[in-house]
Amino acid sequence: MDKRDAVVGNYTCEVTELIREGKTVVELKYRMASWFSPNEKILIVIFPVLAILLFWGKFGILTLKYKSARTNKRIILLLIAGLVLTVIVIVGAILFIPGEYPVKNASGLGLIVISTGILILLQYNVFMTAFGMTSFTIAILITQVLGYVLAVVGLCLCIMACEPVHGPLLISDLGVIALAELLGLVYMKFVASNQRTIQPPRNN
């Protein structure tokens with residue numbers, strides 16, 4: 001029922017059950033209730049922000065360790081895409097954190113969750129620019145894709161319900177995305193520290 005169609009006050013309901021009849025009085029109230037708990041809101045924002053910070057860590061390694069005419073063009077594109085993603089998540093957080101459950105909060109949550117898909121493309125391009133694909137980087141990307149798909153499913157379930165009972169699904173999968181970014185950073189740091197002169201992979 002739309003809030004505009006529900007006038008606050010006492011309503012008398014006539015109840016008929018088999019051969020029995022009766023009346024009951026129901027009081028209709030309107031109160032603002034938080035869509036997510038404060039802790040859940042913090043986690044929903046922190047995991048994407050952490051994932052973005054980890055991306056910038058990989059970007060720093062890429063800038064310092066992997067340099068060539070070809071990688072410089074990719075680095076510029078990665079920089080632009082990373083900045084766009086950062087702005088989108090910040091705007092989403094500003095819309096999502098305050099208030100309860102108006103359209104503004106749902107829009108903010110959507111921006112936060114949907115935009116994390118950009119991290120998959122960024123991570124793939126970072127790997128390809130640096131040293132190409134390996135079995136471990138493929139496993140990281142698959143994990144990140146699965147986390148993103150389930151996070152989007154959790155987002156849809158939360159938006160369709162009056163109470164976001166599927167919030168833990170959404171939060172845990174945002175955590176998986178951040179974990180994939182962390183694994184990518186650690187692996188990239190490990191590879192970079194074990195090579196003296198690093199050349200980007202050649203295209204056949």
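In helix H5, the buried residues are Thr137, Ile140, Leu141, Gln144, Gly147, Tyr148, Ala151, Gly154, Leu155 and Cys158. Keep Tyr148 and Leu155 in mind, as both names come back below. The model you are looking at is a predicted one.

**The overall layout**

What order do the elements follow from the N terminus on? They run β-β-α-α-α-α-α-α, which fits the count of 6 helices and 2 strands. The protein has 204 residues, and 36% of them are buried. Its accessible surface comes to about 12,300 Å², with 67% of that area belonging to carbon and sulfur atoms. If you take the contacts with a separation of 6 or more, 67% of them join residues 24 or more positions apart.

**Checking the helices with a ruler**

A nice exercise is to compare the span that a helix should have, at 1.5 Å a residue, with the distance between its end C-alpha atoms. The expected span is 1.5 Å times one less than the number of residues. Here are three helices to try.

| Helix | Residues in helix | Expected span | End C-alpha distance |
|---|---|---|---|
| H1 | 28 residues | 40 Å | 41 Å |
| H3 | 13 residues | 18 Å | 18 Å |
| H5 | 26 residues | 38 Å | 38 Å |

For H1, the expected and computed values agree. H3 agrees too, and so does H5.

**The nonpolar core**

The largest nonpolar core of the protein holds 45 residues, and Leu109 and Leu170 have the most contacts inside it. Helices H1 (38–65), H2 (69–96), H3 (103–115), H4 (117–130), H5 (135–160) and H6 (167–193) each supply at least two of the core residues. H6 gives the largest share, 10 residues.

Which residues does Leu109 touch, apart from neighbours within four places in sequence? They are Trp35, Phe36, Ile44, Phe96, Leu155 and Leu170. Leu109 itself is one of the buried residues of H3, alongside Asn105, Ala106, Gly108, Gly110, Ile112, Val113 and Ser115.

**Helix H1 and a salt bridge**

H1 has its own list of buried residues: Lys41, Ile44, Val45, Pro48, Ala51, Ile52, Leu54, Phe55, Lys58, Phe59, Ile61 and Leu62. Two of these are worth a visit.

Start with Leu62 in helix H1. Is Leu62 buried or exposed? It counts as buried because its relative accessibility is 0%, and the cut-off for buried is under 20%. Leaving out residues up to four places away in sequence, Leu62 touches Ile75, Leu78, Val126, Thr129, Ala130 and Met188. Its C-alpha atom is 9.7 Å from that of Asn72, a residue 10 places away along the chain.

Now turn to Lys58. Side chains of opposite charge can pair when their charged atoms come close. The whole structure contains 1 salt bridge, and the side chains of Glu181 and Lys58 meet in a salt bridge at 2.3 Å, N to O. This pair links distant parts of the chain, with Glu181 in helix H6 and Lys58 in helix H1, 123 residues apart. Both Glu181 and Lys58 are buried.

**Two loop residues to compare**

Thr116 sits in the loop between H3 and H4. Thr116 is buried because its relative accessible area is 1%, below the 20% limit. Beyond residues up to four places away in sequence, Thr116 touches Pro48, Tyr148, Leu174 and Ile177. Thr116 and Ile177 lie 61 residues apart in sequence, with 8.0 Å between their C-alpha atoms.

Lys29 is in the loop between strand S2 (20–28) and H1. Why is Lys29 called exposed? Its relative accessible area is 62%, and exposed means over 50%. Ala6 is 23 residues from Lys29 in sequence, and their C-alpha atoms are 9.2 Å apart.

**What the record adds**

The unreviewed UniProt entry annotates residues 42–64, 76–97, 109–127, 139–162 and 174–192 as "transmembrane region". In the model, residues 76–97 are 95% helix and 0% strand, and the C-alpha atoms at the ends are 32 Å apart. Residues 109–127 are also 95% helix and 0% strand, with 29 Å between the end C-alpha atoms.

Conventions. Residues numbered from 1 in each chain as written. Predicted model: local features only at pLDDT ≥ 70, side-chain atom pairs only at ≥ 80, totals over all residues. Heavy atoms only, no water. Core = buried A, V, L, I, M, F, W, Y, C linked by side-chain atoms within 4.5 Å. Buried < 20%, exposed > 50% of the residue type's maximum accessible area, 1.4 Å probe, protein only. Helix = DSSP H or I, 4+ residues; strand = E, 2+ residues; numbered from the N terminus. Contact = heavy atoms within 4.5 Å. Salt bridge = Lys/Arg side-chain N within 4 Å of Asp/Glu carboxyl O. UniProt positions renumbered as here; feature names shortened; annotations may be inferred. Areas by Shrake-Rupley, 256 points an atom, 1.4 Å probe, with all protein chains shown as cover.
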